[in-house]
Each structure stands twice: as C-alpha cells, then as structure tokens.
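Here is a short report for someone meeting this structure for the first time. Keep the sequence and the 3D view open while reading.

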Amino acid sequence: MAEEPNHNSIDFSGAGPTGEQARLATAVENAAEAIIITDFDGIIQYVNPAFESIAGYPRSEIIDRHISLLDSGKQGPAFFQDMWQTLREGEVWKGHFVNKKKDGSLYETEATISPVRGQDGAITNFVSVQRDVTHEVELQKQLRQAQKMEAIGTLAGGIAHDFNNLLMGIQGNVSLSISEPDITAPLLENLQKIEQYVQDGVKLTKQLLGFARGGKYEVHLTDLNQLLEDQSLLFSRANKHISFEMNYAASLWSVEADKGQLEQVILNLYMNALQAMPREGTLTVRTANVTIDKDRFQPYRVKAGRYVKFTITDTGIGMDEKTQHRIFDPFFTTREKGRGTGLGLASVYGIVKNHDGYIDVSSSEGQGTSFEVYFPATDKVVAPQDKSGESPAGAVETVLLVDDEEMIIDVGTRMLTRLGYEVLTAANGVEAVETYRANQDRIDFVLLDMVMPKVGGGEVFDRIRAINPAVKVILCSGYSIDGQATDILKRGCNAFIQKPFNLKSLSNQIRAVLDEP
Ligand SMILES: Nc1ncnc2c1ncn2[C@@H]1O[C@H](COP(=O)(O)OP(=O)(O)OP(=O)(O)O)[C@@H](O)[C@H]1O
Ligand SMILES: [Mg+2]
C-alpha cells in the first residue's frame, strides 16, 4: 500500500528528531484538540492522545486504516466528495463532522483540515485538527427547544384565554336557557347538545392551558403514589386486556403541585400508552426518589436538587426517532384525522415545565415506550385532607361582578340574578374599587376577573381588602400568568373558579365561600 517514503514536515520515522521537531511533536501530543494526520489517500498515519480519548480508538488500532472508519453515515457521499476535492486542490477545509466512536456512539467535531506539501510542492498529507463540540451542540439544541416551547406556550395561553371567555358566554346563556321553567323538550335537547359541545371545547382549552406558560392554579402538597394509584384503578377497570404493574417507592417524597394538572399529566400518558397497545400489553408504573447532583444537571433542562420521579412504560408499538423529536409539539399527532388533537403531550410538557420538573422519553419501534417524569420534591409532609359539602341555592345577597369583557358582565349578571343574587358590576379595576368603597355595607362577595388591563385582579384584591380585611373574593379567569392566581390565593383570596363555568358550579363555589365560617 503506502510504500513510498513520506515527505511530511513532522518527522515520525523514529530516526531521531532535531530539537525543534521534538518540541513540535511534544506540542502535538499534548494538544487538547484531536489531531489526525493522513496520507494523500486518507490512510491514517498519526493520531494524538486527545484523538484516542475522544474517539475511543487506541493508536495501534487505527494507524494504517482509512479515515472513513470514522464515518457515521450522517454526512452522505456528496459531502465527502466536496471535502476531498477542496483538499486535493490544496485548499484548507473547515467544517462540522458527526463521527463514529469505536463503541459505535456518535460525537460531533469542528474540524480544520490542511494539506501538507512535501519539498517538491506536491501534497503528501493532510492534517486534521478537531474540537469535540458534542456537548455544545446538545446545549444549543436544548436552548432552541426551550425557546420554541416558550414561544408556543405564550401563544397557546392567549388562545385559551380568549376561547374560555367565548365559551363562558355560550355556556352561561345555554345554562340560563336550560333552567327556564317553560322550556320545551326539543329546545332542551338542542341546548343540551350545545352544552356538550362547549364541554368538548373546554377539554381543548384545558389541554392548551396546560401547555401555556405559567398556568398553575392551585398548589397543594401531593402524594404521587396516591395519585398514580387512583388513576390506575380507573384505567385498569376499563382496560382488562392490559396488565397494570405498579411499583411504588416506599416513603416517596411529596411534591407541591396542582393536583388537577398532575391528573391531566397521568391521564394523557396512560391514554397514549393504552392507544399504543390496542390488543394486549403491560403498563408499568414506577416511582422513585431521585437526587440530581451537579454532574447530571443540564442547563435549560434540569436544575440540581431532589426530585420525585415516576416512569410510565408500555410494551406498545413504540416510535421512530423522527416521531420522538416532535411528540411534545402542539398539534403533532400520528393518529387518524379526528382521533387525536396532538395536544396531549404538549400539555404534559407544559404542566411539567410549570412545576419546574422535566420529562424524558425513550422508545424503540415495536418494543414500547417509556416516559420519565420528574417533579421537584418538597420537605413538607402530606396531611390527609378532605372537605366536601353540597350547598343550598342562593339567598338575597349582593355580589360585585368585575370583568373587562362586556359579554362576561352580561351573561354573568344574568346567571347571578338567576341564582338569586343582587348584582353590582364594574368594567375595570378602578371602577371596581370605587364601587366597592361606595357599597361595602351591601356587598357580600366579589367575583373578580384576574386578567384585566391596567389595574388587574391582584391589585383590585389588595385594594378592596385594605378597605375591608374580611371581604370575600372569588377569583375567576380563563387564564393565569406565572402562578399569579396562586399568589392571590395565598394572599387570602377565598377561591378560584375557571371560566367557563355553568350555573351549578358557580352556585356551588359561591355557597362554599359564603357559608365558610
Ligand atoms: N406511548 C406511546 N407509544 C407510541 N407512540 C406514542 C406514545 N405516546 C405518544 N405517542 C406519539 O406521540 C403523538 C403525540 O401524542 P399526543 O398525546 O400529544 O397526541 P395524540 O395522542 O395524538 O392526541 P390526543 O392526546 O390529543 O388524543 C401520538 O400521535 C403518537 O404518535
Ligand atoms: Mg395523547
């Protein structure tokens, strides 16, 4: 093969280098960058220790092999043709490689390859200097992903908010019409259909809100084992063809979370798992306490700390790599038209993010899929809690209804009147405070919209509470910004009600607050 003597300027013949050559050779040997020298045909003649450690090949195994040994297949023949042509024309080539290590795994490098000329001016060798950028590339990808998700999250939140207001208008009017005493049977049936469609719409906005940034409403100490068990019972009853295997960690740490949203996460993951196993299979659930230390911490993804982890594994159809990259994108679905919205995992992702957790997926086609979900652990301990109680209908009490949407004021007034309340209204924050101040002796409670321009619900709450520290306030919104609702609830606001609501849920919520001691 390479019979001819080399004329490269770095002497590797072992004939005893001069002082300058020895210094050069030492420098190359100690460089942090991987350095590879090939002959004109691409046969490797030298690699330095940095290359050995990055690529995992000992020098003895790679000398005299062709450089294409490192080819991962990710670049394609045209890429290499172009590179070789540039080099053989005597030009320096700069570019990005995805290479294959000895163990088959991939690494990415920024490479500069320079032709080396012999004394006669002909190219004899190529020197390639490569920096391992695998980690940087991965970080960039994560940053891009995080930014993308944040942008779509903001969009989703806005859409959900506007839709919930619209649905509130429809729901309110329908629920008022249904409760008319002289309604005819066919009309009732139509209205009930509309109510059903509104509920479908609510399901959609609920998923969207889950995905939206900051939509974390009511935070409670939560036992994940219990939550997973409750949901599993529901699902296992209805899916006898699947065997459920539960492996709960003893003394699992608690998490501080919105219980409704956690249920939404588990429900979506179970639904997907079951859809991946139409005939039979095993759904395995596992929980564990996990501490992520500095070494495993990844910026943009996960902070060091204590986490509660649960894993949901199915033995279903699995996913190829391309699908796996897109599953968290809103509206990405592989299901038939009309069978899936593609919002399930998007909302899972949003909810997990809003709780400062993170989620990982691993899957292979035909083998099954596994989702790992991490929520930050808390030191607090879950105390058993339960309070319930249905309530009688309204008495003559007065409510101040505050909302910047005319439609909500309109339908809200009619709903509250129907429930038997006296209604005062305010169309913005300033008006709300003024009306409250002027009528504080009459007003029994305030139904307060959270998101309003200029003076928002939070500020109105603080101001009217300064007027009357015992004031009862129900916060209401189709949306939430960065746990703002939670914040206001923590400051002593009595309850939160999500738009759209119907007569019954509004009535129940009001009674619960008014009948509180
Ligand atoms: N456990 C799983 N096994 C195989 N594929 C899955 C699994 N979970 C999700 N996927 C894939 O990810 C896609 C997106 O899932 P996602 O839950 O976001 O939407 P969907 O299930 O298609 O619709 P929806 O949840 O609104 O009913 C699915 O269409 C499916 O291709
Ligand atoms: Mg789904």
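N190 lies in helix α6, which spans residues 185-211. This is a predicted model. N190 counts as partly exposed, because its relative accessibility is 46% and the partly exposed class sits between buried, under 20%, and exposed, over 50%. Look back along the chain to I178, twelve residues from N190. The C-alpha atoms of these two residues are separated by 9.8 Å.

**Domains**

Now take the whole chain. It is divided into domain 1 (19-132), domain 2 (218-385) and domain 3 (398-514). The centres of domain 1 and domain 3, taken over C-alpha atoms, are 69 Å apart.

**The ligand site**

Next comes ligand 1. It is surrounded by 19 residues. The closest are N272, T333, T334, T341 and L345. Some residues place a polar atom beside an oxygen atom of the ligand. Three such contacts are listed here.

| Residue | Atom in the residue | Atom in ligand 1 | Distance |
|---|---|---|---|
| R335 | polar side-chain atom | oxygen | 2.9 Å |
| T341 | polar side-chain atom | oxygen | 2.4 Å |
| L345 | backbone N or O atom | oxygen | 2.8 Å |

How much of the accessible area of ligand 1 does the protein cover? On its own, ligand 1 has 600 Å² of accessible area, and the protein covers 93% of that. Three elements give two or more residues to the shell: α8 (259-276), α10 (344-354) and β12 (368-378). Helix α8 supplies the largest share, with three residues. Sorted by class, the shell has eight nonpolar, nine polar and two charged residues.

**Aromatic pairs**

Turn to the rings. A pair of aromatic rings is described by the distance of the centres and the angle of the planes. The structure holds 15 aromatic pairs. One of them joins F79 and F80. Their centres are 5.2 Å apart, and the planes meet at 85°, an edge-to-face arrangement. F79 has a relative accessibility of 26%, so it counts as partly exposed. F79 and F80 also belong to a cluster, in which ring pairs link them with W93 and F97.

A further pair brings together F244 and Y270. This pair is edge-to-face too, at 6.3 Å centre to centre and 80° between the planes. F244 lies in strand β7 (residues 242-247) and Y270 in helix α8, so the pair ties together parts that are 26 residues apart in sequence. Are F244 and Y270 buried or exposed? Both are buried. Helix α8 thus appears twice in this report: it carries Y270, and it contributes to the shell around ligand 1.

**Backbone details**

Finally, check the backbone. Which residues are joined by a cis peptide bond? K499 and P500 are, with omega at about -5°. P500 sits in the loop between β17 (495-498) and α15 (503-514).

Two residues other than glycine have a positive phi. For D64, phi is near 75°. D64 is placed in the loop between α3 (59-62) and α4 (77-88). Its relative accessible area is 57%, so D64 is exposed. For S251, phi is near 40°. S251 is found in the loop between β7 and β8 (254-258). With a relative accessible area of 64%, S251 is exposed as well.

How values were computed: Residues are numbered from 1 along each chain as its sequence is written. Chains are lettered from A and ligands numbered from 1 in the order in which they are written. This is a predicted model: local features need pLDDT of at least 70, side-chain atom pairs count only at pLDDT 80 or more; totals for chains, interfaces and linings use all residues. Side-chain values use heavy atoms; hydrogens and water are left out. Domain bounds come from an automatic or database domain assignment. A residue is near a molecule or strand if one of its heavy atoms lies within 4 Å of it. A polar contact is a pair of N or O atoms within 3.5 Å; within protein, one must be able to donate a hydrogen and the other to accept it, and residues adjacent in sequence count only if both atoms are side-chain atoms. Accessible areas come from the Shrake-Rupley method with a 1.4 Å probe; for residues, only the protein chains shown count as cover. Helices (H or I, at least four residues) and strands (E, at least two) are DSSP runs, numbered from the N terminus. Ala, Val, Leu, Ile, Met, Phe, Trp, Tyr, Cys and Pro count as nonpolar, Asp, Glu, Lys and Arg as charged, and the others, Gly among them, as polar. Rings of Phe, Tyr and Trp (its six-membered ring) pair if their centres lie within 6.5 Å; planes under 30 degrees apart count as stacked, over 60 as edge-to-face and the rest as tilted. Buried means under 20% relative accessible area, exposed over 50%, partly exposed in between (1.4 Å probe, protein chains only).
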